[in-house]
Amino acid sequence: MSTSTDTRRRFHPSSLWAEGAGVAREYLQPAGTRASAIWTRRLQPFIGVVSPLGWVLIAVVLILGVPGLIFTWAEAIAVAVISVSLLILAVVFIIGRSSYGVDLDLARTRVAVGDHAVGSVSVSNTSNKALLPASLELPVGGATAIFHLPRMKPEQVHEDLFTIPTQRRAVIVVGPVRSVRSDPLSLMRRQVRWTEPTDLFVHPRTTPLGGSAAGFIKDLEGLPTRELSSADVSFHALRDYVPGDDRRHIHWKTTARTNKLMVRQFEETRRSHLAVALSTQPAEYDDAAEFELAVSVAGSIGLQAIREQRNLNVLTQGGPLRSETGRNLLDELTRVDGHTGRTTAVDLARMTADAVPNASVVFFVLGPQVTPRQLRSAAASVPPGIRCIAVRCKSGQEPARASIGDLTVVSLGELDDLALVLRKAAA
């Protein structure tokens, strides 16, 4: 019975089709891979040279030329001949080989919003003959800059300067530089790539927290621990020796004076460890400007912690950000975008408590749409003994400080007010 059932299942039409498809895929996949490689390396470069207008002209040749020759239609033949002549003329314009030495140089690959991003394109004629005028294209993000090259003698160098606008935080891909040859009618267009693309990081604007805000992290430290330890760096007191204690901690002078073994006892110390939780939920902000302000606030606090050599963790709903150095942190914040999932500031607080259980101070950086109830829930997610501060970013908001239970809530509308509100929080 089992054998008969297996035989019927094996020869079922759907099973045969599935098996046949698997065999065909196994034998045809290598051929498909080779065909794709041939298309990419050899055919596509040639086909990509022809512009849409050029393809229209080729279609005209085929549609009118063939019937014209068959039916001796003089007008159709004339149109086809003119079209072929134009295509041949276009080929004449794009053939040939240029010999350029191209150098794309960005003065700085990392700038802050509003700073000048300046670069240059240097082109030299590396051949032993003069080169005709040509054009260079430089993609900059979604735009393309065009540079016109004059007629260049052998070893002649031509340089163009350009400026990239940095009004908003972004990672802008600059390049690659490519030379372009085309005919007057733009029937064909040939591109040659000369450089690799370069990433330009437009970092969020930050503000220094020195001066009046110097030492604010130390001022914001959580309550000192009262846990005692037998081995640390902060001496607390002496106590009687208990079997099992480390004999290296015996205080011999006191032992000699009291005639009984006495050991040192230490108070556990906790190094400052900051956690910055940046909410990227768009619904919590009124507009994009408030979200950018929140990113700048998170970056400013993180940079100050790095300058003071504090342990730092920065998290968003999308996960943790690299924060080993100020450069890494700002690069990561440049890529931060609105997280449209269902996670809220309360969920982010729970993620932060799980990821950084040994934090001494936690900053919640969020928008004005987070309710007091949500703020209370976020603070309740953090273990006791950790200082929590919520920074609400709202456009036009005057610097203010409030408390919701043990949670300190500061509000600001301008990045320049951050040092002031942090001093208020520490007071």
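**Notebook: helix α3, cores and pocket**

I began at the end of α3, which is followed by T72, whose phi is positive, near 50 degrees. Helices here are DSSP runs of H or I with at least four residues, strands are E runs of at least two, and both are numbered from the N terminus.

The model is predicted: local features need pLDDT of at least 70, side-chain atom pairs count only at pLDDT 80 or more, and totals for chains, interfaces and linings use all residues. Residues are numbered from 1 along each chain as its sequence is written, and side-chain values use heavy atoms, with hydrogens and water left out.

I checked the length of α3 (residues 52-71): its 20 residues at 1.5 Å a residue should span 28 Å, and the end C-alpha atoms are 29 Å apart, which agrees. The expected span is 1.5 Å times one less than the number of residues.

I listed the buried residues of α3 (under 20% relative accessible area, 1.4 Å probe, protein chains only): G54, L57, V61, G65 and G68. They pack against α4, contact meaning heavy atoms within 4.5 Å.

Next I looked up the largest nonpolar core, a set of buried Ala, Val, Leu, Ile, Met, Phe, Trp, Tyr and Cys residues joined through side-chain atoms within 4.5 Å. It has 33 residues, and L278, V297, F363 and L418 have the most contacts inside it. Helix α7 gives the most to this core, with 8 residues. A second, separate core of 24 residues includes A134, A170, I172 and L200.

I then listed contacts of L278 beyond four places in sequence; among them are Y285, A294, L315 and V365.

Key
Buried < 20%, exposed > 50% of the residue type's maximum accessible area, 1.4 Å probe, protein only.
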